[in-house]
Amino acid sequence: MKAVTRILFLDENGEKFFGEGPARLLRGVETTGSLRAAAMSMDMAYTKALKIIKNAENALGFPLTTRTTGGKTGGGSQLTPEGKEWLIRYENYRDACIQANQQLYLEFFSEQ
């Protein structure tokens, strides 16, 4: 038996707009320089990835990524400074919650 911690952020309407999936997507953008490549690495359609990012940006009120369209030089995406800060804060908060949950699990369910 184990306890699992999942961190989700909901908007004022109670709709999910950020969690582990969008965080992985942003990390993928940071690594690959491309939303399309990040989406493909997660077996996700580009249109779905774009919708996820736009939904989070609308809820947060700031852009998470900047996107340039393709062409001769190719397109790409990168995290905005606000996007980088949000992602770091999310991951730190998630990790702290997981650690706290592990400690509480041991406190309440450890075998005596």
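How far apart should the end C-alpha atoms of H3 be, given its 15 residues at 1.5 Å a residue? In this predicted model, the expected span of H3 is 21 Å, and its end C-alpha atoms are placed 21 Å apart, so that expectation and model agree.

The buried residues of this helix are Ala49, Leu50, Ile53, Ala56, Glu57 and Leu60. Viewed down the axis of H3, these buried residues fall within an arc of 130°, and they therefore line one face of the helix. On the other side of H3, by contrast, Thr47, Lys51 and Asn58 are exposed. The cover over the buried residues of H3 includes E2, H1, H2, strand E3 (65-68) and H4. Just after the helix, glycine 61 adopts a positive phi of about 85°.

The largest nonpolar core of the model comprises 23 residues, and those with the most contacts inside it are Phe18, Leu25, Leu26, Leu35, Met44, Ala49 and Leu64. At least two residues of this core are supplied by each of strand E2 (16-18), helix H1 (20-32), helix H2 (35-41), helix H3 (46-60) and helix H4 (81-109), and the largest share, five residues, comes from H3.

Leucine 25, one of the core residues with the most contacts, touches Leu35, Ala38, Ala39, Met42, Met44, Ala49, Ile52 and Ile53 when residues up to four places away in sequence are not counted. Among these partners, Ala49 and Ile53 are also buried residues of H3.

Notes. Residues are numbered from 1 along each chain as its sequence is written. This is a predicted model: local features need pLDDT of at least 70, side-chain atom pairs count only at pLDDT 80 or more; totals for chains, interfaces and linings use all residues. Side-chain values use heavy atoms; hydrogens and water are left out. A nonpolar core is a set of buried Ala, Val, Leu, Ile, Met, Phe, Trp, Tyr and Cys residues joined through side-chain atoms within 4.5 Å. Buried means under 20% relative accessible area, exposed over 50%, partly exposed in between (1.4 Å probe, protein chains only). Helices (H or I, at least four residues) and strands (E, at least two) are DSSP runs, numbered from the N terminus. Contact means heavy atoms within 4.5 Å. The expected span of a helix is 1.5 Å times one less than its number of residues. The arc is that of the directions from the helix axis to the C-beta atoms.
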